[in-house]
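Student: Could we take a close look at one part of this model, please? I would like to see how its helices and sheet fit together.

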Amino acid sequence: MHATLIHDLTMEAHKSFPTWNKWLESAGLANLGVRSGLQINNSAAVLQAALEGQGIALARSVMAYDDIKSGRLVRLFERVQYKSPLAYYVVYRPEGLKLPKILAFNEWLMEEVTYIEN
């Protein structure tokens, strides 16, 4: 079987950004040397190329969520997910934890994250 891999070059300089080699390694398929394929320097264009049937793309869940939910894109492997070390943090002063607006925001955010992950 032959499939075109779509590479997102947008964050290539960042060592923590997932690449096809890193993803395949996490799936137990290391050392495949998969540098060939379609190379695009725009994350939205990477998803668009996948939508147009030009190949298989790695995508951040937050960017692909709507397309997956609507059925325009599907996950190639449901069980294999690359856990990126890139992360976002919500920070506030320690005394903010007692404020109702901070508590409400924190609760809402955790509900949203759980919703996106499912």
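Tutor: Happy to! Let us begin with a term: two strands count as paired if DSSP finds at least two bridges between them. Keep in mind that this is a predicted model. Strand β1, residues 5-8, meets that definition with β2, as the two pair in the parallel sense over three bridges. Within β1, His-7 stands opposite Gln-39 of β2. Widening the view, three strands make up an open sheet, ordered β2-β1-β3, with parallel pairing. The edges are taken by β2 (38-40) and β3 (56-57); each has a single partner strand, so one side of each is left without a neighbour in the sheet.

Now for the helix that meets this sheet. Helix α2 lies across β1, β2 and β3, and runs at about 170° to β1. Helix α2 also has a helical partner: α2 (residues 43-51) packs with α3 (residues 61-70) at an angle of about 25°, the axes being 11 Å apart. Angles under 35 degrees count as roughly parallel, so α2 is roughly parallel to α3. Their crossing is right-handed. On the α2 side, the contact is made by Ser-43, Ala-44, Leu-47 and Leu-51, while α3 brings Met-63, Ala-64 and Asp-67. By character, the residues of this contact divide into five nonpolar, one polar and one charged.

To put the pieces side by side, α2 lies across the three strands β1, β2 and β3, and α2 packs with α3 as well.

Conventions: Residues are numbered from 1 along each chain as its sequence is written. This is a predicted model: local features need pLDDT of at least 70, side-chain atom pairs count only at pLDDT 80 or more; totals for chains, interfaces and linings use all residues. Side-chain values use heavy atoms; hydrogens and water are left out. Axes are lines fitted to C-alpha atoms, for helices over the stretch in contact, and angles run from 0 to 180 degrees between N-to-C directions. Helices (H or I, at least four residues) and strands (E, at least two) are DSSP runs, numbered from the N terminus. Angles under 35 degrees count as roughly parallel, over 145 as roughly antiparallel, 65 to 115 as roughly perpendicular and the rest as oblique. A crossing is left-handed if the near helix is turned anticlockwise from the far one by less than a right angle, and right-handed if clockwise. Contact means heavy atoms within 4.5 Å. Ala, Val, Leu, Ile, Met, Phe, Trp, Tyr, Cys and Pro count as nonpolar, Asp, Glu, Lys and Arg as charged, and the others, Gly among them, as polar.
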